[in-house]
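User: Could you take a close look at one part of this structure with me? I would like to see how a single helix sits among its neighbours.

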Amino acid sequence: MFGALNYGAIMKCDTIPDLEKFLKIQEQALGESSAEVATTASKLADLYALAERFDEAERLLKRALTIRQNLVGFHQDDVEKTRQSLEKVTALKSRGKQVL
């Protein structure tokens, strides 16, 4: 029931404030460790990374990775994609600190 509703809603959220609000709603409705929360956290992390808010992106990707690992194990496609995104953000974060 929530899955279809959440998927449609997440597709309409394309700004950081919208996704932050949506994530809070999902956490309250579905619990903090649901697959939908991991998906929203990953999308929000992507927006944070684009805005060069790497600390926030890294925090959310770590959270999404933990949720996904707990739900499906360590070797699923979603887990691997999240791990790769986290590695990229961590690298960008390191590079930014080297520039400063």
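Here is the request in full, followed by one connected answer.

User: Please walk me through helix α3 (residues 35-50). Which residues in α3 are buried, and which residues of α2 and α4 does α3 meet?

Analyst: Happy to! Please keep in mind that this is a predicted model. Let's begin with the helix on its own. Helix α3 is built from 16 residues, and its first and last C-alpha atoms lie 23 Å apart, close to the 22 Å expected at 1.5 Å a residue. Its buried residues are Val37, Ala38, Thr40, Ala41, Ser42, Leu44, Ala45, Leu47, Tyr48 and Ala49.

Now to the neighbour that comes before it in sequence. Helix α2 spans residues 16-30, and its axis comes within 10 Å of the axis of α3, with a crossing angle of roughly 165°. An angle over 145 degrees counts as roughly antiparallel, and α2 and α3 are therefore roughly antiparallel to each other. Their crossing is left-handed. On the α3 side, the contact is made by Glu36, Val37, Thr40, Ala41, Lys43, Leu44, Leu47 and Tyr48; α2 contributes Ile16, Leu19, Glu20, Phe22, Leu23, Gln26, Glu27 and Leu30. Sorted by class, this contact holds 10 nonpolar, two polar and four charged residues.

The neighbour that follows is helix α4 (residues 54-72), whose axis comes within 8 Å of that of α3 and crosses at roughly 155°. This pair, too, is therefore roughly antiparallel, and α3 passes α4 in a left-handed crossing. Here α3 offers Ala35, Val37, Ala38, Thr39, Ala41, Ser42, Leu44, Ala45, Tyr48 and Ala49, which meet Phe54, Glu56, Ala57, Leu60, Leu61, Arg63, Ala64, Ile67, Arg68 and Leu71 in α4. By class, there are 15 nonpolar, two polar and three charged residues in this contact.

Ser42 also leads us to another helix. Thr82, which belongs to helix α5 (residues 77-99), is in contact with Ser42 as well as with Leu61, Ala64, Leu65 and Arg68, leaving aside neighbours within four places in sequence. Thr82 counts as buried because its relative accessibility is 3%, where buried means under 20%.

Finally, let's look at the end of α3. Leu50 lies in this helix and is exposed, with a relative accessible area of 72%. The C-alpha atom of Leu50 is 9.8 Å from that of Val89, although 39 residues separate the two along the chain. Just after α3, Glu52 takes a positive phi of about 60°.

Definitions and conventions: Residues are numbered from 1 along each chain as its sequence is written. This is a predicted model: local features need pLDDT of at least 70, side-chain atom pairs count only at pLDDT 80 or more; totals for chains, interfaces and linings use all residues. Side-chain values use heavy atoms; hydrogens and water are left out. Axes are lines fitted to C-alpha atoms, for helices over the stretch in contact, and angles run from 0 to 180 degrees between N-to-C directions. Helices (H or I, at least four residues) and strands (E, at least two) are DSSP runs, numbered from the N terminus. Angles under 35 degrees count as roughly parallel, over 145 as roughly antiparallel, 65 to 115 as roughly perpendicular and the rest as oblique. A crossing is left-handed if the near helix is turned anticlockwise from the far one by less than a right angle, and right-handed if clockwise. Contact means heavy atoms within 4.5 Å. Ala, Val, Leu, Ile, Met, Phe, Trp, Tyr, Cys and Pro count as nonpolar, Asp, Glu, Lys and Arg as charged, and the others, Gly among them, as polar. Buried means under 20% relative accessible area, exposed over 50%, partly exposed in between (1.4 Å probe, protein chains only). The expected span of a helix is 1.5 Å times one less than its number of residues.
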